[in-house]
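Colleague: Please show me the model, and let me ask why its parts are described the way they are.

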Amino acid sequence: MQRHGKLIRGVQWGIVLVYAFLICVPVMMPLPDETAHILNNLTVFAQFTFWGIWWPFVLISMVLMGRVWCGVLCPEGTLSEFASRHGRGRAIPRWMRWGGWPFVAFAGTTLYGQMVSVYQYPKAVLLVLGGSTIGAMVIGYFYGRDKRVWCKYLCPVNGVFSLLARLAPFHFKVNEDAWRQSYHTNGHKIIPVNCAPIVPLRNMKGGAQCHMCGRCAGHRDAIELAGRSPSEEIVKFGATENNSVWDSVLLMYGLLGVAIGAFHWTVNPWFVTVKTAIASWLIDRNIMWPFETNAPWFVFTNYPDQSDVFSWLDGGLVVAYIVGNGVLLGLAFTIIFALANRAMGSWQTSRFNHLVQALIPIAGAGVFIGLSATTVSLLRAEHLPVYWANDVRATILAATTLWSLWLGWRVTGRHASTLGRRLAGMAGIVAALALVNWLWLLMFWIW
């Protein structure tokens, strides 16, 4: 990667151009009609590229290769670092370092994307993805010097990628003994490394924050790309490194709460029943303003030519459903893991966070199969066979459930003093996994 740096930079800028083209050009074209297909309509092609292929398989890449997407391919990272290189170079403010931004950014972007139907309409894509890219460039221009400040603190998917990259079988391993020895090496000039995501290289353990760009490989003869067990980072370092309450919040209230709510509301028959009941109640009392459809498209979906318009009631209920889902499911997981933590002994926050990390495989799989619903819908519209979809989903859920169980068994083993306490901790993990699988069973097999 170091030897072919110029080629990699060329690929990065090529992706930036493709990304900009697919975001900007469809906005200037008419919305597709029923005759539009992936291969004959740019808007449908862009929709399939972003939501059918791009984002689902970026998630898979995190598990397989770590954050190579972030360090080598992401257009926002490229533009943010470029802007930072030519920007003001100001110090990173304290408010930006707040640990809750990954959760707030992910939850907010997920919610807003549903409000404006980001999976369906190019103007919404331009607003959500384009707005994030502009934000990355602005932050890069004002803060840092040759750094990816946006990626480190404010990127909406930074936290998600950080969680999934802990499962990758590769990472850049730091030999701390060799690092210390390098201070005593005579006649050897140490060339500084620009770590764009601002990772403290000497103390780096695992791949949660590393963007896998390869710039630090061989630094001080102490850093090398190495293989590892996919469970190593969570089991070995999960109790001490990357053991933040905010990671647990993102996992329980974000990936397993808000995200599932965003996927569920479109197919949940109870949502329709509640909306009908509320509508009847409002009509009986002659309260008609919630039925108005005058919200602009950038507040709630408003495309009358496509017969797709949110009234204030529709939009309000979507927001309430997703937020309520996030809060209720997040609280359910919090209670489950709190009980498991307490059953294993006196309360330890680090143990609570460590137990929650066992759900990373199933949480990542959930986001993937949720996004796959868009992939399958687009393939079905192309009249391609998709009978295999639910079998694949079931296989993914089964495999990641077993993976989470294995992680849970390893994690509880590091904290439990007796077999009974270990089994008590496992009972909580089993309960959490049962709840997650029930939620996906509802979406794909019952509703």
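Modeller: What follows is a talk about helix contacts, a cavity and a pocket. The model is predicted, so local features need pLDDT of at least 70 and side-chain atom pairs count only at pLDDT 80 or more, while totals for chains, interfaces and linings use all residues. Residues are numbered from 1 along each chain as its sequence is written, and side-chain values use heavy atoms, with hydrogens and water left out.

Colleague: What makes a stretch such as H4 a helix here?

Modeller: Helices are DSSP runs of type H or I with at least four residues, numbered from the N terminus. H4 covers residues 75–85 and H6 covers residues 122–142.

Colleague: Why is H4 called roughly parallel to H6?

Modeller: Their axes cross at roughly 25 degrees and come within 6 Å. Axes are lines fitted to C-alpha atoms, for helices over the stretch in contact, and angles run from 0 to 180 degrees between N-to-C directions. Angles under 35 degrees count as roughly parallel, over 145 as roughly antiparallel, 65 to 115 as roughly perpendicular and the rest as oblique. H4 is therefore roughly parallel to H6.

Colleague: Which residues make the contact of H4 with H6?

Modeller: Contact means heavy atoms within 4.5 Å. On the H4 side are Glu76, Leu79, Ser80, Ala83 and Ser84, and they meet H6 residues including Leu129, Ser132 and Tyr141. The residues of this contact divide into six nonpolar, five polar and one charged. Ala, Val, Leu, Ile, Met, Phe, Trp, Tyr, Cys and Pro count as nonpolar, Asp, Glu, Lys and Arg as charged, and the others, Gly among them, as polar.

Colleague: Why are H1 and H2 called oblique to each other?

Modeller: The axes of H1 (residues 5–24) and H2 cross at roughly 125 degrees and come within 9 Å. H1 and H2 are therefore oblique, as that angle falls in none of the named ranges. Tyr19, Phe21, Leu22 and Ile23 of H1 meet residues of H2, among them Phe45, Phe50 and Trp54. By class, the residues of the contact of H1 with H2 are nine nonpolar, one polar and no charged.

Colleague: And what makes H1 and H4 roughly perpendicular?

Modeller: Their axes cross at roughly 110 degrees and come within 9 Å. That angle lies in the range 65 to 115, so H1 and H4 are roughly perpendicular to each other. On the H1 side the contact is made by Gln12, Trp13, Ile15, Val16 and Tyr19.

Colleague: What makes a space a cavity, and what makes it a pocket?

Modeller: On a 1 Å grid over the protein atoms alone, a cavity is a set of points where a 1.4 Å probe fits but cannot get out. A pocket is an open set with protein on both sides within 12 Å along at least five of seven lines, and lining residues have an atom within 4 Å of a point. The search finds four cavities of 30 Å³ or more.

Colleague: What lines the largest cavity?

Modeller: The largest cavity holds about 630 Å³ of space. Of its 34 lining residues, Trp51, Trp55, Thr109, Leu129 and Val157 are closest to its centre. H5 gives the most, with five residues. The lining has 25 nonpolar, seven polar and two charged residues.

Colleague: What lines the largest pocket?

Modeller: Its lining has 30 residues, with Thr266, Val267, Ala373, Thr374 and Ser377 nearest the centre. H15 gives the largest share, eight residues.

Conventions
Helices (H or I, at least four residues) and strands (E, at least two) are DSSP runs, numbered from the N terminus. Grid points are joined across faces, edges and corners, and a volume is the space filled by probe spheres set on the points.
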